[in-house]
Amino acid sequence: MSTADLGLPVDVPSTALFTDRYELTMLRAALRSGAAHRRSVFEVFTRRLPEGRRYGVVAGTGRVLDAVENFRFDGAVLDFLAADSVVDDATLEWLAGYRFTGDIWGYPEGEVYFPGSPILRVEGSFAEAVLLETVILSILNHDSAIAAAASRMAVAAGDRPLMEMGARRTHELAAVAASRAAYVGGFRSSSNLAAGFRYGLPTIGTSAHAFTLVHDTEKDAFTAQVESLGRGTTLLVDTYDLTAAVRTAVEVAGPELGAVRIDSGDLLLLAHRVRQQLDDLGARDTKIIVTSDLDEYAIASMAAAPVDAYGVGTSLVTGSGHPTCSMVYKLVARTPSAAPDGPLVPVAKKALGGKTSVGGRKWAARRLDADGVAEAEVVGTGSIPPDLADQLLLVPLVRAGHITGREPLDAARTRHIDARAGLPLSATQLSRGEPVLPTETM
């Protein structure tokens with residue numbers, strides 16, 4: 001049994017109430033009018049990237065599949081809806097048998113996206129598909145924001161490992177999702193044990209300042225940790241005097257000391273000083289780990305410093321200033337009646353203020369230049385041009401209600417590395433800019 005089969009340590013009965021009330025009131029009215037049974041196509045997309053970002057990262061797809069599979073209205077949930085007068089008896093009866101039986105296509109997890117990209121396409125009856133809007137958006141908006149921040153930090157870190165340490169800076173369940181999304185975006189490990197349990201992520205962690213403070217001396221603390229965890233452990237050296245702590249650390253653990261962690265001060269300056277001190281003490285293989293409110297810019301500033309790994313918390317789990325991707329879930333096509341073989345009619349919202357949408361069931365492809373580098377995101381509703389047929393981006397995730405798109409998390413992580421590498425070099429610049437690819441519509 002895989003860890004994914006075990007479920008979250010903090011569990012919920014189902015995902016059916018991870019929604020907004022108006023999804024159910026729309027369902028109630030649509031069942032009455034008959035429109036509930038019209039075949040419909042909903043798409044997830046964003047009209048713009050967060051300000052200054054050059055690409056987005058799709059993350060949370062695997063969690064979306066879990067959410068769709070667990071979208072069930074059990075007795076307790078139905079009783080709540082009845083007691084709160086959210087729906088009528090006919091709607092309760094319909095909800096009791098709810099199962100999503102449609103199809104879902106989407107960009108595979110780890111892929112990059114741009115404004116207008118049809119990141120996810122949900123096809124089924126209006127009733128089945130409309131209920132999934134909120135839970136799908138809550139997952140994709142959160143996880144994709146974290147993965148995009150993680151990707152930028154991974155670019156800044158280069159080959160140096162990144163460790164996710166943000167659990168105490170966000171909601172306890174969001175922390176687990178953030179660890180997963182950070183791994184997709186390029187982080188190598190997490191301090192969050194729930195994420196390790198649920199998703200099999202490598203977990204890390206040794207001690208905090210409290211461990212040093214509870215002992216009578218720093219040497220006592222270091223000795224206890226080394227005797228317990230071995231000489232390869234990481235000692236936190238900035239509780240009191242940094243220089244004295246490094247000297248004590250090597251005295252206790254010897255040159256086999258695994259690493260020291262610096263969590264405060266001028267990290268760039270201190271990293272150079274500590275590296276020199278470690279080398280002078282014969283601990284040339286001891287690594288230096290830095291933490292303390294890092295973001296992609298702070299990481300980039302230490303590219304030339306003798307740092308071996310970074311631990312990131314607050315900035316990562318808040319999307320480094322952009323905690324959402326502003327994705328929306330819009331009806332883009334539906335049949336004129338409940339007849340299952342009826343033609344799909346494009347529909348679209350037309351409004352002022354830039355909140356319009358484009359009707360029609362869409363495909364997407366990434367056009368490459370002569371060197372194999374991406375040059376445009378092409379989105380269309382008609383026939384697919386032959387020269388783009390082998391560059392299509394959407395893949396089947398659910399067929400007739402059955403999950404087909406599950407994959408190991410490492411597959412999404414590897415896909416993101418490859419997708420980012422296929423973009424123009426300017427995609428990895430941390431300075432503010434426009435999306436690195438234009439979106440062309442056909």
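**Notebook: cavities, a sheet and two odd loop residues**

I noted that the second largest cavity has a volume of about 50 Å³. The model I am working from is a predicted one.

**Entry 1, cavities.** I recalled that rolling a probe the size of a water molecule over the atoms shows where empty space is left. I then looked up the search of the whole structure, which gives 2 cavities of 30 Å³ or more. For the second largest cavity I wrote down the lining: Pro50, Arg53, Tyr55, Gly56, Tyr113, Ala145, Ala148, His322, Thr324 and Cys325. By class, I have 6 nonpolar, 3 polar and 1 charged residue there.

I turned to the largest cavity, with a volume of about 80 Å³. Arg53, Arg54, Tyr55, Ala148, Arg152, Val155, Ala427, Thr428, Gln429 and Leu430 line this cavity. I sorted that lining into 5 nonpolar, 2 polar and 3 charged residues.

**Entry 2, the sheet.** I recalled that strands of a sheet pair through backbone hydrogen bonds, either parallel or antiparallel. Here I looked up an open sheet of 7 strands, in the order 13-12-1-5-3-16-17, and its pairing is antiparallel. Its edges are strand 13 (345–346) and strand 17 (402–403), and each of these pairs on one side only.

I followed one pair inside the sheet. Strand 1 (39–46) and strand 5 (120–125) are joined by 6 bridges in the antiparallel sense. Across this pair, Glu43 is opposite Arg121 of strand 5.

**Entry 3, helices on the sheet.** Which strands does helix 6 lie across? I found strand 1, strand 5 and strand 12 under helix 6 (133–157), which runs at about 135 degrees to strand 12. Helix 2 (61–69) lies across strand 3 (103–106), strand 5, strand 16 (395–399) and strand 17. I put the angle between helix 2 and strand 16 at about 15 degrees.

**Entry 4, positive phi.** I reminded myself that most residues other than glycine have a negative phi. Asp293 has a positive phi, near 50 degrees. I placed Asp293 in the loop between strand 10 (287–290) and helix 13 (296–301). Is Asp293 buried or exposed? Asp293 is exposed, with a relative accessible area of 67%.

Ser326 is not a glycine, and its phi is also positive, at about 60 degrees. I found Ser326 in the loop between helix 14 (314–317) and strand 12 (327–334). I wrote down a relative accessible area of 44% for Ser326, so this residue counts as partly exposed.

Key: Residues numbered from 1 in each chain as written. Predicted model: local features only at pLDDT ≥ 70, side-chain atom pairs only at ≥ 80, totals over all residues. Heavy atoms only, no water. 1 Å grid on protein atoms, 1.4 Å probe; cavity = no way out; pocket = protein on both sides within 12 Å on 5 of 7 lines; lining within 4 Å. Points joined across faces, edges and corners; volume = space filled by probe spheres on them. Nonpolar A, V, L, I, M, F, W, Y, C, P; charged D, E, K, R; others polar. Buried < 20%, exposed > 50% of the residue type's maximum accessible area, 1.4 Å probe, protein only. Pairing = 2+ DSSP bridges. Contact = heavy atoms within 4.5 Å. Axes fitted to C-alpha atoms, helices over the stretch in contact; angles between N-to-C directions.
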